[in-house]
Amino acid sequence: LASLQFAVHHLKVKVLLVLGHELCGAVKAAMLPQEVLEKEPPQLEQALKSIKAGLNQERFGNMRDSRALDRESVTTNVKQQVERLRRDKGIMDKVRSDELLIS
């Protein structure tokens, strides 16, 4: 989030486009058990736990098709990242004043 805040406020970026991709290693890693994540370096652990928090693992637990699970996880993560941007006051101030578009 900090790099996006910097881009918006200091580089005057006009569009934030949030993308995801299939077979995302970060999303896959975030779905690992909590105790595995806790063995990662602190900043990586924090990032993975943040992604994990946005994933609905109960719903995903019923999915048997690994490709469908991957697509659904990545899509959910993109939606969560957009939501994080929407909770940022500075970014939303730019959106409301038509200085920034989030897509």
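## A tour of salt bridges and helix α7

Begin by selecting Lys 49 and Glu 38, whose side chains meet in a salt bridge with 3.7 Å from N to O. This pair links distant parts of the chain, since Lys 49 sits in helix α4 (residues 42–54) while Glu 38 lies in the loop between α3 (34–37) and α4, 11 residues apart. Keep in mind throughout the tour that the model is predicted. Colouring by accessibility shows Lys 49 as partly exposed, with a relative accessible area of 25%, and Glu 38 as partly exposed too, with 45%.

Add Glu 45 to the selection, and you will have a network in which salt bridges that share partners join Glu 38, Glu 45 and Lys 49. Across the model, the count of salt bridges comes to seven.

Next, select Glu 22 and Arg 67, which form a salt bridge whose closest N and O atoms are 2.7 Å apart. Here again distant parts of the chain are linked, with Glu 22 in the loop between β1 and α2 (25–30) and Arg 67 in helix α6, 45 residues apart. Glu 22 counts as partly exposed at 38% relative accessibility, and Arg 67 counts as partly exposed at 41%.

Now move to helix α7, selecting residues 89–96, where the buried residues are Ile 91, Met 92 and Lys 94. These three cover an arc of only 155° around the axis, so they fall on the same side of α7. To find what lies over them, show the surrounding elements, which include α1 (2–9), β1 (15–16), α6 (66–86) and β2 (101–102). Turning the view to the face of α7 that points away from its buried side brings up the exposed residues Lys 89 and Arg 96.

Stay with Arg 96 and add Asp 93, because their side chains meet in a salt bridge of 3.1 Å, N to O, and at 57% relative accessibility Arg 96 counts as exposed. Both residues lie in helix α7, three residues apart, which is about one turn of the helix. Asp 93 is partly exposed, with a relative accessible area of 32%.

Finish at the two ends of this helix. At the N-terminal end, select Asp 88 together with Gly 90: Asp 88 caps α7 there, with a side-chain oxygen 3.2 Å from the backbone nitrogen of Gly 90. Just after α7, select Asp 98, which takes a positive phi of about 60°.

Technical notes. Residues are numbered from 1 along each chain as its sequence is written. This is a predicted model: local features need pLDDT of at least 70, side-chain atom pairs count only at pLDDT 80 or more; totals for chains, interfaces and linings use all residues. Side-chain values use heavy atoms; hydrogens and water are left out. Buried means under 20% relative accessible area, exposed over 50%, partly exposed in between (1.4 Å probe, protein chains only). Helices (H or I, at least four residues) and strands (E, at least two) are DSSP runs, numbered from the N terminus. The arc is that of the directions from the helix axis to the C-beta atoms. Contact means heavy atoms within 4.5 Å. A polar contact is a pair of N or O atoms within 3.5 Å; within protein, one must be able to donate a hydrogen and the other to accept it, and residues adjacent in sequence count only if both atoms are side-chain atoms. A salt bridge is a side-chain nitrogen of Lys or Arg within 4 Å of a carboxyl oxygen of Asp or Glu.
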